[in-house]
Amino acid sequence: MINFLFNYLKYILNVGKKWILVWMFAPGIYMLIIPLAFGNESTKKVLIDGQKEGLSGMAENQLLLNAFGIDDWQSIWTMEGLITGYIMNLFLPLLVAIAVIGLVNKIGAKAEEDGTFEFIASLPFTRTMIITAHSIILVLLGLIIPLVWIHFIYIPTLFMDVNLNYGSLLASLLQSSLGGITFAAIALGLGAATGKASLSWAAGIGLLAFEWISGMLASKNVFFEFIKDWFSSFGAYNNPYINGLDAGSLLLVIIKTIIFLIIGFWGFRNRILNLK
């Protein structure tokens, strides 16, 4: 089993290497803007202070703040606040979800639809071994890819007059990444259970959109408030950079991921594969 997992994971990484490399480095390079903006006073005045002044009216619009996952308007104009109270609260889980859903579809449901999965199905691998490998790659890449992104931000700060607490940054990254993994997990679960790439994308992005809307409307509606507080991966993010990791929040996203992967295990083992 271990030998199979090692060899199959190498095959997956080889098949999806272009997708993985693009998503591993492109967002990270874009995120270089953040330390560069805060590291130079003149640049900060134009990009940060100018935006703060131009968007000052947004501070009074609670619905808009909720839509962008902002709990403290003033804090996001510091480097720590921008990264851990804004990007990791909303955009990083979104990027993780898209990156990982794309890959698990490429090696799973989309491969079935394209006919390229027939090669894997012909090998002496059990379905349990295959779906286990897909689940492992989902979690590993869901953690490793954003880890690369955050180092594009952190490493430049070592040469600037900007301080970030590395341990607290990793704590925030862990909670945020696990939130994104939950959306990829339901995509893998539905994709593995049905063999339909469209349903996989719909499940992953649909759940993400529902939880995002729930967070946005939580202050207006009791139902959405309940979803945010007790179910949402976005709601589980409580800014560990400031507050530390919360065991309940970690447990929530881990349990959701396990449930969604179990759906994939059960469905993949008990259906007819779409082989051509």
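Ala, Val, Leu, Ile, Met, Phe, Trp, Tyr, Cys and Pro are counted here as nonpolar, Asp, Glu, Lys and Arg as charged, and the others, Gly among them, as polar. The model is a predicted one, with local features needing pLDDT of at least 70 and side-chain atom pairs counting only at pLDDT 80 or more, while totals for chains, interfaces and linings use all residues. Residues are numbered from 1 along each chain as its sequence is written, and side-chain values use heavy atoms, with hydrogens and water left out.

Pockets come first. On a 1 Å grid over the protein atoms alone, a pocket is an open set of points with protein on both sides within 12 Å along at least five of seven lines, a cavity is a set where a 1.4 Å probe fits but cannot get out, and lining residues have an atom within 4 Å of a point. Points are joined across faces, edges and corners, and a volume is the space filled by probe spheres set on them. The largest pocket holds about 710 Å³, and its lining splits into 21 nonpolar residues, 1 polar and no charged. Tyr30, Ile34, Leu82, Tyr86 and Ile87 sit nearest its centre, out of 22 lining residues. Helices here are DSSP runs (H or I, at least four residues), numbered from the N terminus. Helix 2 (17-31), helix 3 (33-39), helix 4 (41-54) and helix 6 (79-107) each put at least two residues into this lining, with helix 6 giving the most, 5.

The second largest pocket comes in at about 220 Å³. Its 17 lining residues include Gly69, Asn89, Gly215, Lys228 and Phe234, the closest to its centre. The mix here is 8 nonpolar, 6 polar and 3 charged, and helix 11 supplies the largest share, 4 residues.

Then there is the packing. A nonpolar core is a set of buried Ala, Val, Leu, Ile, Met, Phe, Trp, Tyr and Cys residues joined through side-chain atoms within 4.5 Å, where buried means under 20% relative accessible area (1.4 Å probe, protein chains only). The largest such core has 72 residues, and Ile34, Met79, Ile83, Met88, Ile153, Leu164 and Leu169 have the most contacts inside it. Helix 6 again tops the list of contributors, giving this core 16 residues. Leaving aside residues up to four places away in sequence, Leu169 touches Ile83, Thr84, Met88, Ile150, Tyr154, Leu164 and Tyr241 (contact: heavy atoms within 4.5 Å).

Finally, the structure has 1 cavity of 30 Å³ or more, with a volume of about 80 Å³.

Key: Buried means under 20% relative accessible area, exposed over 50%, partly exposed in between (1.4 Å probe, protein chains only).
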